[in-house]
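Thanks for coming, everyone. I have one structure to show you today. Let's bring it up.

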Amino acid sequence: TSLVNMSYEDYIASRILFKHNKLAQACILANTAIEKYFKALMEVTGTKAFGNHDLVKQLPFIKNQFPRLYKVLNISFIEQLTKIYRVRYISNLPTDFNFVIIQSKYQAELDFTYSELEPIIRTKQENDTNSKTKYENAVDSKDADLWNLNYLLNKIEKEKFVESPCNIYEFRKLKN
């Protein structure tokens, strides 16, 4: 579906933002990438899309319709992305609203999450039984936007990747 393709583009854009230390923006786009994939899953199951940008509201659907996926998702990461997305509407945030983004940890979780989502919906060109997804083509061509700092594709132990030196972003709204 077009949602799957848009989800992939948002995922790659998020990775590029992580690479350039735009951590809040990377998380906002990561939220959007996952949201679009969740909505594509709703579409293929005949469920009317809901939850807008709130991934947490979409989790019960994932749990019921895709229990294997739900079991491997890092729910805390999903919750944090939903929280960080709220910073787009800063005037609506309560006093003391805060979050911390650890670059390597969030990027690792995004790569893992997308690698789990990606194979669920197979989009094929008409009369083409061997077509590949954008993700698969990027893996095969070793596309730098996908491969750069991707612990999964580069076969780096996740703990080692997460513990490597990285940038940290903290946001706190002190007053209205």
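**A quick tour of the chain**

What do we have? Nine helices and two strands make up the chain's regular elements. Keep in mind that this is a predicted model.

Now follow the sequence. The order of elements is α-α-α-α-α-β-α-α-α-α-β.

Next, overall dimensions. Along its principal axes, the C-alpha trace spans about 60 × 40 × 25 Å. How does the radius of gyration fit a compact globule? The chain has 17 Å, and that agrees with the value near 16 Å for a compact globule, because the chain has 176 residues.

On to contacts. Take those between residues at least 6 apart in sequence: 65% of them join residues at least 24 apart.

What about burial? Buried residues account for 42% of the 176 residues. The chain exposes about 9,700 Å². Carbon and sulfur atoms supply 51% of that area.

Charges, briefly. There are 25 positive side chains and 21 negative ones. The centres of the two sets lie 5 Å apart.

Let me finish on one helix, α6. Helix α6 covers residues 103–117, which is 15 residues. From first C-alpha to last, α6 reaches 21 Å, close to the 21 Å expected at 1.5 Å a residue.

Is α6 mostly covered or mostly uncovered? Mostly covered: 12 of its 15 residues are buried. Among them are Q103 and S104 at the start of the list, and E116 and L117 at its end. Y106, L110 and Y114 are buried as well. In general, an α-helix has 3.6 residues a turn, so residues three or four places apart point the same way.

Notes
Residues are numbered from 1 along each chain as its sequence is written. This is a predicted model: local features need pLDDT of at least 70, side-chain atom pairs count only at pLDDT 80 or more; totals for chains, interfaces and linings use all residues. Side-chain values use heavy atoms; hydrogens and water are left out. Helices (H or I, at least four residues) and strands (E, at least two) are DSSP runs, numbered from the N terminus. The expected span of a helix is 1.5 Å times one less than its number of residues. Buried means under 20% relative accessible area, exposed over 50%, partly exposed in between (1.4 Å probe, protein chains only). The radius of gyration is taken over C-alpha atoms; the globule rule is 2.2 Å times the number of residues to the power 0.38. Contact means heavy atoms within 4.5 Å. Accessible areas come from the Shrake-Rupley method with a 1.4 Å probe; for residues, only the protein chains shown count as cover. Lys and Arg count as positive and Asp and Glu as negative; His and the chain ends are not counted. The place of a charge is taken as NZ of Lys, CZ of Arg, CG of Asp or CD of Glu.
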